[in-house]
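This report describes the fold of one protein for a reader who is new to structural analysis. Please keep the sequence and the model in view while reading.

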Amino acid sequence: LKALKGLPADWHGVIQDTASTATLCALLSARERASAFAVNHWGLTNQRYTVYCSTETHSSVEKALKITGIGSAALRKVPVHPDTFGMDTDALRDMIMADIAAEYQPLCVVASLGTTGCTAMDPLDTIGDLCVQYGLWLHVDAAYAGTAALLPEYRHYFRGIEKADSYVFNPHKWMFTHFDCTAYF
């Protein structure tokens with residue numbers, strides 16, 4: 001799947017049961033990288049993490065924040081462009097900067113490629129640049145439309161994927177694969 005989709009050659013993957021579980025794993029990984037594994041050892045103490053996703057992103061992100069102990073209050077829902085429903089990256093930048101000024105620690109951005117509600121595609125390349133600039137984990141949720149990357153004519157939606165720290169898509173949606181088969185890289 002990695003080679004067929006043109007994903008980075010150094011990525012490794014596992015099969016998860018659902019994209020929601022993969023998103024949970026991504027947020028746990030982001031939390032542990034940011035805390036140098038201190039949260040895993042000591043538990044959450046004084047961390048003030050924030051996580052960003054668009055208003056169109058799947059509800060699994062908020063659920064994962066509750067399970068990870070980061071808390072749903074840490075979720076920042078970024079407005080979308082009214083014409084594309086993709087994340088407004090200017091608003092994302094402003095929200096990250098406001099959280100830093102308020103002494104929060106921006107942790108992760110969840111970019112969606114094919115939202116469940118309207119198949120919106122977030123501008124991955126620009127989001128990736130912001131994540132690199134501010135040191136945030138980038139998780140790409142392509143659960144619904146990730147299979148489109150098998151077709152070269154749709155790979156432009158995946159431009160910037162090499163900036164991602166984690167990526168998920170569901171072969172059980174468009175590839176006629178038995179449920180549950182979530183590919184998590």
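In this predicted model, strand β5 (residues 137-141) is largely enclosed by the rest of the structure, because five of its five residues are buried. The enclosure applies to both faces of the strand: W137, H139 and D141 lie on one side, L138 and V140 lie on the other, and all of them are buried. A residue is called buried when its relative accessible area is under 20%.

**The strands beside β5**

Which strand is joined to β5 by five bridges? It is β4, and the two strands run parallel. One point of this pairing can be found at A111, which stands opposite V140 in β5.

Strand β4 (residues 105-112) is also joined to β2, again in parallel, through five bridges. Here Y52 has V109 of β4 as its bridge partner. Strand β2 has a further parallel neighbour, strand β3 (residues 75-78), to which four bridges join it. In that pairing, V51 stands opposite L75 of β3.

Is strand β2 mostly covered or mostly open? Strand β2 (residues 49-54) is mostly covered, with six of its six residues buried. The side chains of Y49, V51 and C53 point one way from the strand, whereas T50, Y52 and S54 point the other way, and all are buried.

**Exposed residues in loops**

The loops supply examples of exposed residues. A residue counts as exposed when its relative accessible area is over 50%. The table lists three such residues.

| Residue | Loop | Relative accessible area |
|---|---|---|
| A36 | between α2 (19-34) and α3 (38-42) | 63% |
| E103 | between α5 (89-101) and β4 | 66% |
| T116 | between β4 and α6 (124-134) | 61% |

Two of these residues also have a backbone feature to note. The phi angle of A36 is near 55°, which is a positive value in a residue other than glycine. The phi angle of E103 is likewise positive, near 65°, and E103 too is a residue other than glycine. As for T116, its C-alpha atom lies 14 Å from that of A148, and 32 residues separate the two in sequence.

**The protein as a whole**

How many helices and strands does the protein contain? There are seven helices and seven strands. From the N terminus on, these elements follow the order α-β-α-α-β-α-β-α-β-α-β-β-α-β.

The overall dimensions can be described in two ways. The C-alpha atoms fill a box of roughly 45 × 40 × 30 Å, taken along the principal axes. The radius of gyration is 16 Å, which agrees with the value near 16 Å that a compact globule of 185 residues would have.

Of the 185 residues, 48% count as buried. The protein exposes about 9,000 Å² of surface, and carbon and sulfur atoms supply 56% of that area. Contacts also link distant parts of the sequence: among contacts between residues at least 6 apart in sequence, 67% join residues at least 24 apart.

Finally, the charges may be considered. The protein carries 14 positive and 19 negative charges, and the mean positions of the two groups are 4 Å apart.

In summary, the strands β2 and β5 have buried residues throughout, with six of six in β2 and five of five in β5. Strand β4 pairs in parallel with β2 and with β5.

Terms used
Residues are numbered from 1 along each chain as its sequence is written. This is a predicted model: local features need pLDDT of at least 70, side-chain atom pairs count only at pLDDT 80 or more; totals for chains, interfaces and linings use all residues. Side-chain values use heavy atoms; hydrogens and water are left out. The radius of gyration is taken over C-alpha atoms; the globule rule is 2.2 Å times the number of residues to the power 0.38. Buried means under 20% relative accessible area, exposed over 50%, partly exposed in between (1.4 Å probe, protein chains only). Contact means heavy atoms within 4.5 Å. Accessible areas come from the Shrake-Rupley method with a 1.4 Å probe; for residues, only the protein chains shown count as cover. Lys and Arg count as positive and Asp and Glu as negative; His and the chain ends are not counted. The place of a charge is taken as NZ of Lys, CZ of Arg, CG of Asp or CD of Glu. Two strands pair if DSSP finds at least two bridges between them.
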